[in-house]
Amino acid sequence: MSTISPDLVRKVIQDVIQEVIGKGQAPAVATDGIFEDMDAAVNAADKAWRQYMDCSMADRARFIQAIRDLASSDENAEYMAKATVEETGMGRVEDKILKNKIAALQTPGIEDLPTEAWSGDEGLTTIELSPFGVIGAITPTTNPTETVINNSIGMLAAGNAVVFSPHPRATKITHWLIRKINAALTAAGAPANLVVTVAKPSIDNTNAMMEHPAVRMLVATGGPSIVKAVLSSGKKAIGAGAGNPPVVVDQTADLVRAARDIVDGASFDNNLPCTAEKEVLAVECVVDLLKFEMLKNGAFELKDQAKIAELAAMVAKDGHAVTKWVGKDVAQFLDALGIEAPKGTRLIIAEVPFEHPFVQTELMMPILGIVRVKNTDEAIELAVKAEHGNRHTAIMHSADVNALTKMAKRIQTTIFVKNGPSYAGIGIGGEGFNTFTIAGPTGEGLTSARCYARRRRCALVGGMNVR
Ligand code: NAD
């Protein structure tokens, strides 16, 4: 009897994989979470969720740990960062490594699901945080892997399965991550396909996901159009939308620290985070010293009005950022302007009027407009206007508690960072947990497992009162 050599088996498997990849097709019955069509993806997630219901809280904790371990390993965090920059053409590898690790390690897990209880003569009543079922999550190009890690941990911790609809420009890296998550979950004993997506993400597929009856909740992390779409879906939805975070600097601020923090925050991942400093409103008596200190920390000041106008025309059009420039390295902007900047430059700054695109437009580029204002009141008033009612993030550098309080009350943002870089507000160098889905419009704020859960009440009558 002839035997088949291991080499032959390996070759046959490789050929089949090559054929499937070559055709850009996913197998009809996937176990790695990637499906040919949205219907198959949602049905697989629904089946997985029903099996997941039989798992214990200890099981959930183990599965979450498996995701944390895979996404926080040096090798994987670095791979994701490099592959994302390569595929999307945006951001900075070293910052993305940090963002992936923070998402893996600082997103809350099952401990985020406290039970409420009432006990008395009539018995014991509890409210427990229970899953929705299958959640449809739409993720952005700006934080593609961070959002998948963060949402997977939070949604699975609350007992759900999740169907991701990634941005088409981040398909490859999202597929890589979803495959890895499925492999880690099944190795830890979880049902297959708790985290799924489709082979070819598209607006049509996202619409199919939103309409699928088995999808019980929608979570959109992205710009205004997708937030509006989920809020119009007729389903329970969380909308984490755009921001345009202003920074106010008053005459009481520690300018050395403020300058360093603003440059660090505004240049972090080339300004891609929705939370990153997007414009500065500074009282006139501090502007010169603030800029001087910023230059020491990696900022380059553009002073030539013609160059400022050229850059503005290049990066913003009709109130929107020009996509091909979003998240690019500072050197590319300077090259295009024919400017040679000092080595280590991370951010372009320019003094501009309040109406300028460097202030009004959510550029998501390492370019920061600075507006000179008369006093703190004017700075706060203009910061509120520049934030455009997004209620997302604002930053203030001040030692005046009354001014900080006034700004916080007026601007009503979900995140308000006092005397630190913007990323302190998402748990990077600041206290508190991490999230990459900040839901201003729908009010959940910094989302975590408890936001992906339903409040369910059980009343046990006439017993279990031991007082
Ligand atoms: P985007 O709005 O272009 O895309 C976000 C996601 O929505 C993508 O998956 C995209 O394919 C999908 N999408 C967009 N419009 C759609 C439509 N009409 N129908 C179906 N799907 C649609 O945003 P982006 O460029 O990927 O990300 C940047 C934007 O997201 C910025 O405005 C930023 O402020 C915001 N953002 C917000 C948060 C937050 O937590 N609030 C986090 C990250 C990014």
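I started at the ligand and counted its neighbours: 28 residues surround it. The closest are Thr 139, Thr 141, Gly 241, Glu 362 and Ile 438. Note to self: this is a predicted model.

Next I went through polar contacts from the backbone. Gly 223 puts a backbone N or O atom 2.8 Å from an oxygen atom of the ligand. For His 167, I get 3.2 Å between a backbone N or O atom and a ligand oxygen. Ala 240 has a polar backbone atom 3.5 Å from a nitrogen atom of the ligand. I then checked how much of the ligand is covered: on its own it has 830 Å² of accessible area, and the protein covers 86% of that.

Then I moved on to the sheet. What is the strand order? I read S1-S6-S5-S4-S7-S8, an open sheet of six strands with parallel pairing. The edges are S1 (34-35) and S8 (236-240), each of which pairs on one side only.

I zoomed in on one pair, S5 (residues 161-165) with S6 (residues 195-198). These two run parallel and pair over two bridges. Val 162 is the residue I find opposite Val 195 in S6.

Last, I looked at what packs over the strands. Helix H2 (residues 38-52) lies across S1, S4 (134-138), S5, S6 and S7 (215-221). I noted its angle to S5 as about 160 degrees. Helix H8 (residues 203-211) lies across S4, S5, S6 and S7. For H8 I wrote down about 150 degrees to S4.

Note on methods
Residues numbered from 1 in each chain as written. Predicted model: local features only at pLDDT ≥ 70, side-chain atom pairs only at ≥ 80, totals over all residues. Heavy atoms only, no water. Pairing = 2+ DSSP bridges. Helix = DSSP H or I, 4+ residues; strand = E, 2+ residues; numbered from the N terminus. Contact = heavy atoms within 4.5 Å. Axes fitted to C-alpha atoms, helices over the stretch in contact; angles between N-to-C directions. Near = heavy atom within 4 Å. Polar contact = N/O pair within 3.5 Å; in protein donor to acceptor, adjacent residues only side chain to side chain. Areas by Shrake-Rupley, 256 points an atom, 1.4 Å probe, with all protein chains shown as cover.
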